[in-house]
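User: Could you give me a close look at one part of this model, namely its pockets and cavities? Please bring in the surrounding pieces where they help.

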Amino acid sequence: MHIRTSFPYETTHEDLRIPLADGTLLYARVWRPLTDEPVPALLEYLPYRLTDWTAPRDFQRHPWYAGHGYASVRVDVRGHGNSEGLPTDEYSATELADGVEVVNWLAAQPWCDGKVGMFGISWGGFNSLQIAALAPEPLKAIVTVCSTDDRYDNDVHYTGGSVLAVDMHAWAATMLAFVSRPPDPLYAGDAWRDLWLKRLEAVEPFLHTWLTHQTRDDYWRHGSVCEDYGAIEAAVLAVGGWHDPYRDTVLRLVEHLPADRVRGLIGPWSHQYPDRGLPPGPAIGFLQETLRWWDHWLKGKGTLPEPLLRAYVSDSHPPATVYDTLPGRWVGEPAWPSPHITNVTYALQGAPVLVRSPMHTGVDAGRFFPFGNDADLPPDQREEDGRSACFEFAVGEETWVLGRPKVRLRLTSEVPRGQVIARVCDVAPDGSSTLVARGVLNLSARHGRDRVVPWEPGATQDVEFELNGIGHALPAGHRIRLAVSSAYWPWVWPQAESGAGFTLDPAGSFLELPVRARGASSGTDVAFDTAFDIAFDIAFDIAFEEPEQAEPLGVSYPVTLDEPRPERLVTRDVAKDEWRLEVDPRYGGTRVYPDGLEFTEDALETYTIRSTDPLSARARSDWTIRLHRPELAWDTSVRTRSEITCDAKDFIASNEVICTDGGEVVFHRTWEKRIPRTAG
C-alpha cells in the first residue's frame, strides 16, 4: 500500500448540515480542493456514522479525491449518526428522495460545477444505483461496489426464494443495534439526547418487515433496479468480488445497461473495497481506476479503453478459510454474455437417489459476508459432500469457468414444500474439496419468486436454477463434483417438511458450466503470480497500479489481555444430536479516535439445530456498543438481543433494546412477534 501525501491540490475539509425541504438537517463532511474554480462533487451517502464508524475508511479515500480536484462529500442518512430526523427502513422512498435532494443541493453550491458522482460499497453502492434510477439531472456517473440490482433474490434477505437465515437474522440484529446508537454531543451539540430518545421511540426491528414479505412483491421491487434498467441514465462502474454475495449484479449490469456507459470489474475479493489489501487479494489501485472514471464522465478527460468486463480467473487452490492472495489471471470480455464462453453440459449418471440431508448440512458453508477475516471462507467440503448426493466428472484438460453455472434436476417429492441446494466443488487428487459455486431453490418458488406453488406430493418435475458466478480454473486431473443437498443451515431456514428430502433422478439431470476459451483475448489479459508480480504476454495488457490511499486517520486499537474467542466455532451435543455454530463477526472491537472518542462494540451470533428436526432451528444475536467521551463525561451504551425460532406455521421473533446514559437506563423495549410462514 502506497500512502500518498502530495497531491495536485491542497485541500480543506469542514463539517456542515445539508437542509432538506421538510426542514431536516443531514450531517455532512466535505473535503474540497483549494481552488477558485468550481469542481465536480462526489457523494457517499450512508447510515453508518461518518464521525466514528466509517471515519477510518472515509479518510482513506475522500481526501484523496479532493487532492485530485473533486469535492468529496460524506453524508449520514436521516435518523443516523448526527443527522436529524427519524430512521426509516433500508432504502426507503424517504431515504432515496433525501438522496436526490442532496445531489441537487451539492450541484447548486458555488464550489461545485454542477456535475455530481456517487459512490459507495454495500449500502452506499445500493443507494447509488437506486438514486441513479431516479435520474436526478446533476448525477452523471456512479461507482457501485458490492451492491445489488435485485433486493429480493440477491441481498441479505432471501436466496432462491428461501429465507436467508444467516444474514436475514444477523443483519436485522446488526441494524437494530446500529440504529439505536446515540448522536455524538461533540458534533450534535446539547440536542443529542433529545434526538436519541426520539429515534429510539421510532425504532422497529427491520426483521418484522422483511419476514412479512416472503415472496417477490412490491416491497422488494422498490429499489430493485433490475425492474427497469432503462431508468438509469448515469454511467455505471460496477465492481464486485468472487467472494462477495453480490457479485452476480456486476454480470447483470454489464449485460443490461448500454455498453457505452457501463463497465464491470470483478476480482477475487471479499466484501471490501479492492484497494484495502484485505484477503483474498491481489489488491489493486482502485482509487486510480475510479479517478479515470470520474475524470472521463465528470470532467470530459481521457478515454475508457478497457473491455466491458474485466474479471479475475483464479487458479485452483486447496480449501482454506483465508487466502492472502489467490494466483490467477485477469481476462477481458468485450460483451456479456461473452463470445469467449461456451456452455458445456455434464449429464448426471446413475440410479435415482434419495437426498435426505441432515439439518446441520451447511455448517461448513463459511460466512455469507466475507470481510477478509481468518475464518470467513468455506473450509474443506468433504464433510458437507458426505451429507449430500454427489456426482463427479473428470477434468481432461485445464478448464476455465467464468460466469454462472446452472443445474437442471429431476426431482420427486412426497411433501409440498422443501429446498434443494447445489454446490460445485473442485476435487484435487488428494481428495480435498474446494467450494467453487453454489445455489439454492425453494421448491415452492420454482415457477417464479413472486408466487408460492406447493409441490404435488409424489409428482416428478424438472427444476432449473443458477448458481453464484465464479472465475475459476479447473486443472487437468482434478474432478468436478456436483453436490446436492436438501438442507443448508444456517444459510437457508429449513421448511417444516425439509426432513423428508426428495428423490433425485440423474436421467434428465445435468450441470452446465460456462467455460471460457483459454487464451481467448480481447487484447486485455494479464496474469498474476503469488508474489503479486505482473507477467505480460504480447497480447495481454490488463494492468492495475499499486494500491494507493491518503494518510490514515490515526485510530488506535488498545491492547487487551482478554483471550480472543474463535471467529467461528462449531460444537455438537452428541446426546441431543444438536449442532451449534457461534460466530464473532469481528466488526471492530475497541478503538480510540483522534478526537477522543472511545468506541467499543461486541457481537456474537449463535445458530443451533438438531440434525433430524427442521423445527429446532434457532438464530440469536447479541450486541453491546459503548460510546464514551471522558473529556465530556459522556458515557452511553446500547445492548440488544435478537432471536428467531419457528414452528410449522410461524416464525417467532423476539427482540430487545436497552440503552443507558451514564449508567442510567433511558430506554428499554422488547418486541415479540409471530409471523406466518407463507413461503419461508
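Analyst: Let's fix one term up front: a residue is buried under 20% relative accessible area, exposed over 50% and partly exposed in between, with a 1.4 Å probe and protein chains only. Keep in mind that this is a predicted model, where local features need pLDDT of at least 70 and side-chain atom pairs count only at pLDDT 80 or more, while totals for chains, interfaces and linings use all residues. Residues are numbered from 1 along each chain as its sequence is written, and side-chain values use heavy atoms, with hydrogens and water left out.

Now the open spaces. A pocket is an open set of points on a 1 Å grid over the protein atoms alone, with protein on both sides within 12 Å along at least five of seven lines, and a lining residue has an atom within 4 Å of a point. The largest pocket comes to about 940 Å³, the volume being the space filled by probe spheres set on points joined across faces, edges and corners. Its lining has 34 residues, and Trp53, Gln272, Arg276, Phe371 and Tyr587 are the closest to its centre. Helices and strands here are DSSP runs numbered from the N terminus (H or I, at least four residues; E, at least two). Helices H1 (55-67) and H4 (165-179) each put at least two residues into the lining of this largest pocket, and H1 has the largest share, with three. Sorted by class, that lining has 18 nonpolar, nine polar and seven charged residues. Here Ala, Val, Leu, Ile, Met, Phe, Trp, Tyr, Cys and Pro count as nonpolar, Asp, Glu, Lys and Arg as charged, and the others, Gly among them, as polar.

The second largest pocket has a volume of about 780 Å³. Of its 50 lining residues, Arg247, Asp248, Arg438, Leu467 and Asn468 sit closest to the centre. Two or more residues come from each of strand E8 (158-159), helix H9 (247-256) and strands E20 (433-442), E21 (460-466) and E22 (470-474). E20 gives the most, eight residues. The class count for this second lining is 24 nonpolar, 11 polar and 15 charged.

Next, the closed spaces. A cavity is a set of grid points where a 1.4 Å probe fits but cannot get out, and there are eight of 30 Å³ or more. The largest cavity holds about 110 Å³. Fourteen residues line it, with Asp167, Ala170, Arg367, Phe369 and Glu605 nearest its centre. H4 turns up again here, with the largest share of the cavity lining at five residues. By class, that lining splits into nine nonpolar, one polar and four charged residues.

The second largest cavity is about 50 Å³. Its lining consists of Trp269, Ser270, Gln272, Tyr273, Pro274, Gly277, Leu278, Pro279, Pro280 and Ala283, with seven nonpolar, three polar and no charged residues. Gln272 is worth a second glance: it lines this cavity and is also among the residues closest to the centre of the largest pocket.

Back to H1. This helix is mostly covered, with 12 of its 13 residues buried; among them are Arg57, Asp58, Arg61 and His62. The expected span of a helix is 1.5 Å times one less than its number of residues, so H1 should cover 18 Å, and its end C-alpha atoms are indeed 18 Å apart. After H1 comes Gly69, whose phi is positive, near 95 degrees.

H2 (residues 93-107) passes the same kind of check, since its 15 residues should span 21 Å and its end C-alpha atoms are 21 Å apart. Its buried residues are Glu95, Leu96, Asp98, Gly99, Val100, Val102, Val103, Trp105, Leu106 and Ala107. Two of these, Glu95 and Leu96, are in contact (heavy atoms within 4.5 Å) with Asn127, as are Tyr45 and Met118, leaving aside neighbours within four places in sequence. Asn127 belongs to helix H3 (residues 123-134) and counts as buried because its relative accessibility is 0%. Its side chain also reaches the backbone oxygen of Tyr45 at 2.9 Å.

One more buried spot: Ile480 in strand E23 (residues 479-485) counts as buried because its relative accessibility is 1%. Glu392 is 88 residues away in sequence, yet the two C-alpha atoms are 5.5 Å apart. Beyond residues up to four places away in sequence, Ile480 touches Glu392 and others, including Tyr346, Phe391, Phe393, Val424, Cys425 and Leu511.

Terms used:
A polar contact is a pair of N or O atoms within 3.5 Å; within protein, one must be able to donate a hydrogen and the other to accept it, and residues adjacent in sequence count only if both atoms are side-chain atoms.
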